[in-house]
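Trainee: Could you pick one part of this model and take me through it slowly? I'd like to see how the pieces there fit together.

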Amino acid sequence: MREPLVPVVPMSHTAHIRSHRKPRRNASSTLAMRAGVAGGVLSTLAVAGAAGSASAAEPVTQTLELPTLTADLATQVAQSADATQQAAANYELQAERDAAAAKAAKQAKADLADAEKKAEAKKKAEAERKAAAAKAASRSTERTTLATTASASADVSAPASGSVATVIAFLKAQVGDAYVMGGTGPNSWDCSGLVQAAFRQAGVDLPRVSEAQSTAGTPVSLSNIQVGDILYWGAAGSAYHVGVYIGDGQYLDAANPSKGVVIQDLSGYPATGAVRVL
């Protein structure tokens with residue numbers, strides 16, 4: 001037995017897709033929803049009104065972000081101040097180092113100049129010492145020669161003129177020596193010590209002091225003095241200074257501490273009298 005055929009009805013191409021429309025609510029549900037919405041709106045308005053009243057009464061003066069911004073700014077300012085202070089300290093330290101370096105350089109320069117000055121003074125002193133030693137050696141040699149000559153002259157009974165030459169040569173060899181009160185040589189003399197030593201070279205033994213030397217020989221007038229005569233200043237027998245006439249209006253003596261043994265013009269310091277012993 002054949003089954004009866006079921007008629008096929010063509011379907012729309014969207015029939016299998018579910019409808020996106022929301023199901024309709026009934027009238028009571030709709031009214032309830034509208035009432036709820038209205039109540040919520042009124043509540044919101046009421047809260048807003050209250051907030052508005054409160055805002056009008058007490059205005060807001062800060063926000064929640066302001067403290068954070070202020071703290072950050074204070075930190076930045078503090079950091080900037082620290083950096084500035086550190087830079088100033090570094091600058092001051094550098095300035096102190098520069099000043100110390102400049103002072104050290106200046107002191108080193110002064111020390112070098114002082115050392116050079118001392119070295120130059122030492123060099124000059126050494127040169128003067130050597131020159132003085134050479135001069136002293138030369139004088140010593142000359143004196144030895146004079147003493148030998150005087151001794152030989154005495155042995156052969158040399159004439160008076162030769163003895164005078166010996167005296168004058170000895171005296172001139174002492175020029176430049178120092179004057180020292182009581183000095184009798186060989187490098188320092190007083191007036192009578194020098195005269196006594198000079199005449200000893202010719203074999204004449206004179207008294208030690210000027211008072212006695214002024215009367216030791218034959219008195220002569222100053223207009224008739226000859227080379228080798230003893231000149232004195234002051235009265236005979238109480239003279240305070242003596243020297244020896246060397247010719248050409250000059251005499252040689254141990255003058256004083258400032259001059260030492262020198263040759264001077266008789267016109268500048270005229271003698272009182274003279275005696276002749278040779």
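Mentor: Let's look at a cluster of rings: W233, Y251 and Y269 are linked by ring pairs. Keep in mind that this is a predicted model. Take W233 and Y251 to begin with: their ring centres sit 5.2 Å apart, with 50 degrees between the planes, and that makes a tilted aromatic pair. W233 belongs to strand β4 and Y251 to strand β6, so this pair ties together parts 18 residues apart in sequence. Both of these residues are buried.

Now swing over to the other partner of W233. The ring centres of W233 and Y269 are 5.3 Å apart and the planes meet at 15 degrees, so this pair counts as stacked. Y269 lies in the loop between β7 and β8, while W233 is in strand β4, so here the parts being tied together are 36 residues apart in sequence. What about exposure? W233 has 1% relative accessibility, so it's buried, but Y269 has a relative accessible area of 36% and is partly exposed.

Okay, zoom out to the strands around these rings. They're in an open sheet of six strands, in the order β3-β8-β4-β5-β6-β7, with antiparallel pairing. At the edges you'll find β3 and β7, each pairing on one side only. On average, neighbouring strands are turned by 35 degrees against each other, direction ignored. Follow β6 across to β7 and you'll find six bridges joining the two, with N256 standing opposite G260 in β7. Finally, helix α4, residues 191-200, lies across β4, β5, β6 and β7, running at about 50 degrees to β5.

Technical notes. Residues numbered from 1 in each chain as written. Predicted model: local features only at pLDDT ≥ 70, side-chain atom pairs only at ≥ 80, totals over all residues. Heavy atoms only, no water. Pairing = 2+ DSSP bridges. Helix = DSSP H or I, 4+ residues; strand = E, 2+ residues; numbered from the N terminus. Axes fitted to C-alpha atoms, helices over the stretch in contact; angles between N-to-C directions. Contact = heavy atoms within 4.5 Å. Phe/Tyr/Trp six-rings, centres within 6.5 Å; stacked < 30°, edge-to-face > 60°. Buried < 20%, exposed > 50% of the residue type's maximum accessible area, 1.4 Å probe, protein only.
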